[in-house]
Amino acid sequence: MKREDALREFLAAGKEKLDNRRAQFAKRMFDRKQELAERLRAAFGRLARKRQEEGKDCRCLYCSLLRVDMLQGRYVVLVQTVGEDGAPDPDPLEDEIILDDFFECLKEEQAALMRELPRFQGRIGFWDVQNLIASRAVEWFHLMAFLLRFLLQKEENRKELMQLLSGDRPRLILWGEYGGRGEPIFCYDEAPDRDGKLQLLLKQSYSYPCLMQDQFLRSGSYQRLELTERRMEFITFLDCSFQAVSFAGSSLWGARFLNCRFESCSFREADLTMARFENCLFMETDWGQTRFCHTLCRPVFAVEGGRRPDGILEGEEQYDAAIFLYGTGSECEGYHTAGGL
């Protein structure tokens, strides 16, 4: 057997086994989501105490999975303070989150793969196993980010984060590999949008389509804007008003509209999967061919003919169940691409 044939067979068999384990990992993570949130809060609390002792700014955090620990069968998240836009901090505050028990099934598969090496007669070795396990660990780590996006949106968790993340500038938590590009799992900005931040983001998004994802906009008043066919997954609007604004054809997967007012606006053909509308007022809104799927609306609004749209949820428990379905891949093939921006 040639090396390339052995590697192809090894990777195919390993992929099948790890794909089966993924659902087990996801279920364990969702069943223990409160414990996961508690570990984050504990690490953030320790950082808060260090910040107070050293008088250091702690506005932006980066949570990264360390590959060097994976070599030893450990799964450790390094939490560090970082500078503006995720730039390295020359003297960061640091803490750790231990997640060994969450990745237990991955460690079991690594041991099983090691036991199968003799049948490949030396053509497959430890590093092949390690590379396969490490790549899958990173994928599962980003699956955690999908869940944490929703956990950290909850009011009680947001209040605790505000005690840690200091200053009046935007607060940000990134989640990813060490030294790589992290994806935002939390964003909060107390400053109102008085300077046209949304208009600037719109102009820049023609060159950088994903720039509007994960943004947080507060107390903005927007008129006659064409926010059509934009990528705005997980964007948040708080206390905003929209007049003659079109979201037609845009992806608003996981977006949040909180205490917002809409007048003569359009969501025609927009994707509102997993979006939230809370305490919003709608006047003459175009909902033609809008995609509602596990969309949380409180209170529920009506569309043509006074009917309630299909795919609308009213309760938080239903919404949490939908997060589980998407996170485990039960709702669709894998989780939505918005879970790994």
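**Exercise 1. Decide whether Ile124 is buried or exposed, and describe its surroundings.**

Step 1. At a relative accessibility of 4%, Ile124 counts as buried, where buried means under 20% relative accessible area, exposed means over 50%, and partly exposed is what lies in between (1.4 Å probe, protein chains only).

Step 2. The model is a predicted one, in which local features need pLDDT of at least 70 and side-chain atom pairs count only at pLDDT 80 or more, whereas totals for chains, interfaces and linings use all residues. Residues are numbered from 1 along each chain as its sequence is written, and side-chain values use heavy atoms, with hydrogens and water left out.

Step 3. Ile124 sits in the loop between α4 (104-115) and α5 (126-151); helices (H or I, at least four residues) and strands (E, at least two) are DSSP runs, numbered from the N terminus.

Step 4. Setting aside neighbours within four places in sequence, Ile124 is in contact with Arg3, Ala6, Leu7, Phe10 and Leu117, contact being defined as heavy atoms within 4.5 Å. For one of these partners, Ala6, the separation along the chain is 118 residues, while the C-alpha atoms of Ile124 and Ala6 are 6.9 Å apart.

**Exercise 2. Place Leu227 and Thr295 in the secondary structure, and list what each of them touches.**

Step 1. Leu227 belongs to the loop between β7 (221-223) and β8 (236-238), and with 0% relative accessibility Leu227 counts as buried.

Step 2. Residues up to four places away in sequence not being counted, Leu227 touches Leu198, Leu202, Met212, Met232, Val245, Ser246, Phe247, Ala248 and Ser250. The C-alpha atoms of Leu227 and Gly249 are separated by 8.8 Å, with their positions 22 residues apart along the chain.

Step 3. Thr295, by contrast, is found in a strand, β14 (residues 295-298), and its relative accessible area of 0% makes Thr295 buried.

Step 4. With residues up to four places away again left out, the residues touched by Thr295 are Leu272, Thr273, Met274, Ala275, Phe277, Gly311, Ile312 and Leu313.

**Exercise 3. Find a cis peptide bond and two residues other than glycine with a positive phi.**

Step 1. As background, most residues other than glycine have a negative phi, and most peptide bonds are trans.

Step 2. The peptide bond that joins Arg298 and Pro299 is cis, with omega at about -5°, and Pro299 lies in the loop between β14 and β15 (312-313).

Step 3. Asp239, which is not a glycine, has a positive phi near 55°; Asp239 is located in the loop between β8 and β9 (241-243) and is partly exposed, at 35% relative accessibility.

Step 4. Ala244 also has a positive phi, of about 55°, without being a glycine; Ala244 lies in the loop between β9 and β10 (256-258) and counts as partly exposed at 32% relative accessibility.

**Exercise 4. Establish how many disulfides the structure holds, and describe the setting of Cys187 and Cys293.**

Step 1. A search of the whole structure yields zero disulfides, a disulfide being a pair of cysteine sulfur atoms within 2.5 Å.

Step 2. Cys187 is accordingly in no disulfide, and the nearest cysteine sulfur, which belongs to Cys60, is 9.3 Å away.

Step 3. Cys187 counts as partly exposed at 21% relative accessibility, whereas Cys293 is buried, with a relative accessible area of 11%.

**Exercise 5. Compare the radius of gyration with the globule rule, and then describe the protein as a whole.**

Step 1. A compact globule of 341 residues would have a radius of gyration near 20 Å, and the 22 Å of the protein agrees with this; the radius is taken over C-alpha atoms, and the rule is 2.2 Å times the number of residues to the power 0.38.

Step 2. Along the principal axes, the C-alpha atoms fill a box of roughly 70 × 50 × 40 Å, and the protein contains eight helices and 15 strands.

Step 3. Buried residues account for 52% of the 341 residues, and of the contacts between residues at least 6 apart in sequence, 46% join residues at least 24 apart.

Step 4. For an example at the surface, take Gln72, which is exposed at 59% relative accessibility and lies in the loop between α3 (67-70) and β2 (76-81). Gln72 and Phe234 are 162 residues apart in sequence and 35 Å apart in space, C-alpha to C-alpha.
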